[in-house]
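Trainee: I would like to go through the labels on this model and see what each one rests on.
Mentor: Then ask about them one by one.

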Amino acid sequence: MLIHWFDKKVLVIGLSKSGVAAAKFLNRHGADVYLTEYSPAKDKDAQLIDELKNMGIKVETGGHSDEFLKDVYLAVTSPSVPLDSEVMLKLKERKTHVISEVELAFSQTEKPFIAITGTNGKTTTTALTAHILSSEYKAEPCGNYGEPPCDIVDDESIDYFVCECSSFQLAYSPAFQPQISVFTNFTPDHITWHKTLENYFEAKARIFKSPQNPAFSVLNAKDKKLLEFSKQAAGEVFLFGDEVGENCSYVKDGFICFKRDGVEEKIIAVDECPFIGEHNWQNAECAIICAKIEGISNEDIKKSIISFKVPEHRLEKFASKDGITFYNDSKATNPEASLVAIDSFNNCNVALIAGGRDKLTDLTEFCDAVNKHITSVILIGEASDRFEENLRKNGFDNIYREDSMQSAVDKSIELKPDVVLLSPACASFDMFSGYEERGRVFKEDVLSKIG
């Protein structure tokens, strides 16, 4: 465990939220911190850079200089920096050990981490798990959701770090050893960064097997790849999504149930949960498994689930007016994520707003789901042509094209459906700075129309 940082030169790569957290933590503990950012500084960064320099942290932007890279004891990288980037290749030549901010925080505490990874569902599962554990412990959501763990790792009152982990972070975390590792699901994504689908899978899978060896592994039984992989997973293995094996959580007779060593307990009725859709029930099953492992009572689990508020932009029900209910699922940045939202609606008139920057993934299942569950589709953004072409090839013709989110909202209200669902199945960068801005603009446009 790394504790004594005095006089050690540590390189932090990236002026990201996690990079800044790592730099500040290391500075507090006496390290000689050098923060290097490839992109030129923006006006909005000036105050932050001044703050870091005033703390004694050296900062450079617009490239990675040899002065910053030489004689480095350890490098801590922001998750977005590719493994084959020039700075990583230079550090490899110098035999400099590189880790993530998550691994840095993990190395500085003896408190347990619950690591939650997967393609979709990570944030809701992280938030719900922390919320349930907080009924009895101090459990903090961190990582990609909540605070960077380096910002809170010095808080000795924390009992559990519930950490949402991306594949990028895990690729740089060779010694990260969670007490509980959770794998929500696995679908194609981030292939540009990882180069191959198998590399993407292996980045996530590493926290489930030797040498990282969690005490408990929690995996999705509905996902064929994860069900097969569960046979290799370390520790006590739990499955969710289906009644498989002696340790599992699943929906049965309208209840979310939990089973350990073959003994079944009913935890909560699905109609008491404050969210819809099988994917959200699976998120709850993950959280229930983690809570039961940590000794939370069934009564406290049920109360916590009932009081839970779904994180913003994740099938978030935020308004109703004149018989129309509005859902913001802007976080659905790929077709697989949109599928779980679309499949959550049955036997009602749904207007779907979709489109954005195309990830060029296969649309067959997306189109099939639209045919089953959606009444009308409103397309926006760069992907509109390909989405329309694929929908029409699959026999769906009730399609509208709009130039802005505002006009898409206008059209959706004009159609008078039961539900307006924003679930884009695309990235947002053609029109917005990110899915968060896209979701906020959608909500603002809706609320401005319905009062």
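**Labels and their grounds**

Trainee: In strand 18 (residues 376-379), which residues point one way and which the other, and are they buried or exposed?
Mentor: Ser-376 and Ile-378 point one way, Val-377 and Leu-379 the other. All are buried. That label requires under 20% relative accessible area. Bear in mind that this is a predicted model.

Trainee: What makes strand 17 (residues 350-354) and strand 18 a pair?
Mentor: Pairing needs at least two bridges found by DSSP. Strand 17 and strand 18 are joined by 4 bridges and run parallel, so they count as a pair. Within the pair, Ala-351 stands opposite Ser-376.

Trainee: Why is the link between strand 17 and strand 18 called right-handed?
Mentor: The chain leaves strand 17, passes through helix 15 (residues 364-373) and arrives at strand 18 as a β-α-β crossover. The crossover is right-handed, which means that with the strands pointing away from the viewer the path runs clockwise.

Trainee: How do you know that strand 18 also pairs with strand 19 (residues 399-401)?
Mentor: Strand 18 and strand 19 share 3 bridges in the parallel sense, and the requirement is at least two. They therefore pair. Leu-379 stands opposite Arg-401 there. The chain gets from strand 18 to strand 19 through helix 16 (residues 384-393), in a right-handed β-α-β crossover.

Trainee: What is the strand order in the open sheet of 9 strands?
Mentor: The order is 7-8-6-9-10-11-12-13-14, with mixed pairing.

Trainee: Why do strand 7 (139-143) and strand 14 (263-269) stand at the edges?
Mentor: Each has a single partner strand, so one side of each has no neighbour in the sheet. From one strand to the next, the twist averages 20 degrees. Inside the sheet, strand 9 (residues 180-183) and strand 10 (residues 216-220) have 4 parallel bridges, and the requirement of at least two is therefore met. Val-182 stands opposite Val-218 in strand 10.

Trainee: What makes a set of residues a nonpolar core?
Mentor: The members are buried residues of nonpolar kinds such as Leu and Trp, joined through side-chain atoms within 4.5 Å. The largest such core has 52 residues, and Trp-5, Leu-26 and Phe-176 are among those with the most contacts inside it. Helix 1 (residues 17-28) gives the most to this core, with 6 residues. Apart from it lies another core, of 36 residues, including Ile-114 and Phe-216.

Trainee: Which residues does Trp-5 touch?
Mentor: Among them are Leu-26, His-29, Tyr-73 and Leu-104, leaving aside residues up to four places away in sequence.

Definitions and conventions. Residues are numbered from 1 along each chain as its sequence is written. This is a predicted model: local features need pLDDT of at least 70, side-chain atom pairs count only at pLDDT 80 or more; totals for chains, interfaces and linings use all residues. Side-chain values use heavy atoms; hydrogens and water are left out. Helices (H or I, at least four residues) and strands (E, at least two) are DSSP runs, numbered from the N terminus. Axes are lines fitted to C-alpha atoms, for helices over the stretch in contact, and angles run from 0 to 180 degrees between N-to-C directions. Buried means under 20% relative accessible area, exposed over 50%, partly exposed in between (1.4 Å probe, protein chains only). Contact means heavy atoms within 4.5 Å.
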